[in-house]
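Let's walk through a protein chain together, step by step. Have the viewer ready, and turn the model as you read.

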Amino acid sequence: MKESKCYRLLKHYGNDHSETVIAVSHEKKKLVEALKLVNPKGFSHTWKVLSENQLEWAHQRVENYFAITEVTYL
């Protein structure tokens, strides 16, 4: 079987470390655009957006954040 990749936009809640998948796409660019809609700049409640290299230690964070992660599936 051939493996394929897609991306998902996650919203992580720091209090209980739960995650919600906001969107899924085969194009990362589309999720970047979706992120701009769900996390507009200028609002006081804007959550952090983690880069790929920040995700390695993200499970230790107790803050709220968004992240785009790569998913491999069959």
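Two strands are said to pair if DSSP finds at least two bridges between them. Strands themselves (E, at least two residues) and helices (H or I, at least four) are DSSP runs, numbered from the N terminus. With that in hand, here is a first example of a bridge: Tyr13 has Ser18 in E2 as its bridge partner.

A word about what you are looking at. This is a predicted model, in which local features need pLDDT of at least 70 and side-chain atom pairs count only at pLDDT 80 or more, while totals for chains, interfaces and linings use all residues. Residues are numbered from 1 along each chain as its sequence is written, and side-chain values use heavy atoms, with hydrogens and water left out.

Let's start with the whole chain. The protein chain has 1 helix and 4 strands, and from the N terminus on they follow the order β-β-α-β-β. Along the principal axes, the C-alpha atoms fill a box of roughly 45 × 25 × 20 Å.

How are the strands arranged? The 4 strands form an open sheet in the order E2-E1-E4-E3, with mixed pairing. At the edges sit strand E2 (18–25) and strand E3 (48–50), each of which pairs on one side only. From one strand to the next, the twist averages 30 degrees; angles here run from 0 to 180 degrees between N-to-C directions, and axes are lines fitted to C-alpha atoms, for helices over the stretch in contact.

Now go across the sheet one pair at a time. E1 and E2 pair in the antiparallel sense over 7 bridges, and E1 and E4 are also antiparallel, over 9 bridges. In that second pair, Leu10 has Ala67 in E4 as its bridge partner. E3 and strand E4 (residues 65–73) pair in the parallel sense over 3 bridges, and Val49 is matched with Phe66 in E4. As you look along the strands, keep one rule of thumb in mind: in a regular strand the side chains alternate between the two faces of the sheet.

Next, find the turn that joins E1 to E2. These two strands form a hairpin with 4 residues between them. His17 is in the loop between E1 and E2, and His17 has a positive phi of about 60 degrees although it is not a glycine. Why point this out? Because most residues other than glycine have a negative phi. The relative accessibility of His17 is 37%, so His17 counts as partly exposed (buried means under 20% relative accessible area, exposed over 50%, and partly exposed in between, with a 1.4 Å probe and protein chains only).

Is His12 buried or exposed? His12 lies in strand E1 (residues 4–13), and His12 counts as buried because its relative accessibility is 3%. Leaving aside residues up to four places away in sequence, His12 touches His17, Ser18, Glu19, Trp47, Arg61, Glu63, Asn64 and Tyr65. Touching, or contact, means heavy atoms within 4.5 Å.

The helix comes next. H1 lies across E1, E2, E3 and E4, running at about 20 degrees to E1. Lys29 belongs to helix H1 (residues 28–38), and Lys29 is exposed because its relative accessible area is 66%. In the loop between H1 and E3 you will find Asn39, which is buried because its relative accessible area is 10%. A polar atom of the Asn39 side chain lies 3.0 Å from the backbone oxygen of Trp47.

Which residues make up the largest nonpolar core? It has 7 residues: Tyr7, Leu9, Leu31, Leu35, Trp47, Phe66 and Ile68. E1, H1 and E4 each supply at least two residues of this core. A nonpolar core is a set of buried Ala, Val, Leu, Ile, Met, Phe, Trp, Tyr and Cys residues joined through side-chain atoms within 4.5 Å. Look at Ile68: not counting residues up to four places away in sequence, Ile68 touches Tyr7, Arg8, Leu9, Lys28, Leu31, Val32 and Leu55.

Finally, step back to the chain as a whole. Buried residues make up 24% of its 74 residues. Of the contacts with a separation of 6 or more, 53% are between residues 24 or more positions apart.

Note on methods. A polar contact is a pair of N or O atoms within 3.5 Å; within protein, one must be able to donate a hydrogen and the other to accept it, and residues adjacent in sequence count only if both atoms are side-chain atoms.
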